[in-house]
Amino acid sequence: MRRLSALCLFPALLFSCNNDSSKEEDPSLTPVPAASTVKNISYNIIAQYPHDTASYTQGLEFYNGKLYESGGDYANSVLQFGDAKSGKIEKKHKMGTDKVFAEGMTILKGKLYLLTYTTNTVYVYDVKDITKVIKTFPWPYEGWGLTNNGIDLIVSTGGADIYHVDPETFTVKNTVHVHDDRGPVFY
């Protein structure tokens, strides 16, 4: 059984961000203290659930008692959901090709948004039918992580910026520059 501890990484990263985009700072001009000022955040494991160890998980979200997941690689990318407690998959949509690689996904207001790695496309599904795309959006960067704050979609690209995006148009509303006392944070 593989632990789903990666779920803690993205919220922790967002928690440590300075989201005041009104100040444009050049990280190279910021003094670097001798010791790191980045605080460790403690955690407790409160539950563990069975999960397919062969799954190459990219996106993962609990929604209405189900565990939704995007995963795979190019040819084997899937979008699926199932029972979180048993690990049983209830619906699987195979959507990978030699060009489409499913990455991050999130659910907001009854729609499931799926980010692709290098095809610069975001697929939108009705959460009740993950087999049929209802809309697509272009995205100019590599797709990595995708989550939401209840209003905006939040996109990561592997760089030091996190983008707050309008879910209706997929246009960037705000950019958060992620840095610590050593400079930009890339992942």
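**Entry on H164**

I began with H164 and found it in strand β11, which covers residues 161–165; helices (H or I, at least four residues) and strands (E, at least two) are DSSP runs, numbered from the N terminus. The model is a predicted one, in which local features need pLDDT of at least 70 and side-chain atom pairs count only at pLDDT 80 or more, while totals for chains, interfaces and linings use all residues. Residues are numbered from 1 along each chain as its sequence is written, and side-chain values use heavy atoms, with hydrogens and water left out.

I looked up the exposure of H164 next, and because its relative accessibility is 15%, H164 counts as buried; buried means under 20% relative accessible area, exposed over 50%, and partly exposed in between, with a 1.4 Å probe and protein chains only. Leaving aside neighbours within four places in sequence, I noted that H164 is in contact (heavy atoms within 4.5 Å) with N149, D152, L153, I154, T171, V172, K173, N174 and V176.

**Entry on the whole chain**

I then stepped back to the protein chain, whose secondary structure comes to 1 helix and 14 strands. Of its 187 residues, 36% count as buried. The chain exposes about 11100 Å², with carbon and sulfur atoms supplying 54% of that area; accessible areas come from the Shrake-Rupley method with a 1.4 Å probe, and for residues only the protein chains shown count as cover. Among contacts between residues at least 6 apart in sequence, I noted that 46% join residues at least 24 apart.

**Entry on the two sheets**

I followed one open sheet of 4 strands, ordered β1-β2-β3-β4 with antiparallel pairing; two strands pair if DSSP finds at least two bridges between them. Its edge strands are β1 and β4, each pairing on one side only, and neighbouring strands are turned by 15° against each other on average, direction ignored. For such angles, axes are lines fitted to C-alpha atoms (for helices over the stretch in contact), and angles run from 0 to 180 degrees between N-to-C directions. Within this sheet, 5 bridges join β3 to β4, and F81 has K91 in β4 as its bridge partner.

I found another open sheet of 4 strands, in the order β5-β6-β7-β8, again with antiparallel pairing. Here β5 and β8 are the edge strands, and the average turn between neighbouring strands, direction ignored, is 25°. Strand β7 (residues 121–126) and strand β8 (residues 129–138) run antiparallel and are joined by 6 bridges, and they form a hairpin with 2 residues between them. I checked individual places in this hairpin: Y123 has T136 in β8 as its bridge partner, and V124 stands opposite K135 in β8.

**Entry on L112 and the nonpolar cores**

I turned to L112, which lies in strand β6 (residues 111–116) and counts as buried because its relative accessibility is 0%. Apart from neighbours within four places in sequence, its contacts include Y68, L79, M105, Y123, Y125 and I130. The C-alpha atoms of L112 and Y123, 11 residues apart along the chain, are separated by 8.1 Å.

I asked myself which residues of the largest nonpolar core touch the most other members. Of its 14 residues, these are Y68, M95, L112, L114 and Y125; a nonpolar core is a set of buried Ala, Val, Leu, Ile, Met, Phe, Trp, Tyr and Cys residues joined through side-chain atoms within 4.5 Å. The elements giving two or more residues to this core are β3 (78–83), β5, β6 and β7, and β5 gives the most, with 3 residues. I also noted a second, separate core of 13 residues, which includes L115, W139, L146 and V165.

**Entry on the aromatic pairs**

I closed with the rings and found 11 aromatic pairs in the structure; rings of Phe, Tyr and Trp (its six-membered ring) pair if their centres lie within 6.5 Å, and planes under 30 degrees apart count as stacked, over 60 as edge-to-face and the rest as tilted. The rings of Y56 and F101 have centres 6.4 Å apart and planes at 70°, so this pair is edge-to-face. Y56 lies in the loop between α1 (9–15) and β1 (57–63), and F101 in the loop between β4 (89–94) and β5 (102–108), so the pair ties together parts that are 45 residues apart in sequence. F101 counts as buried because its relative accessibility is 9%. Elsewhere I noted that ring pairs link F137, W139, Y141, Y163 and F170 into a cluster.
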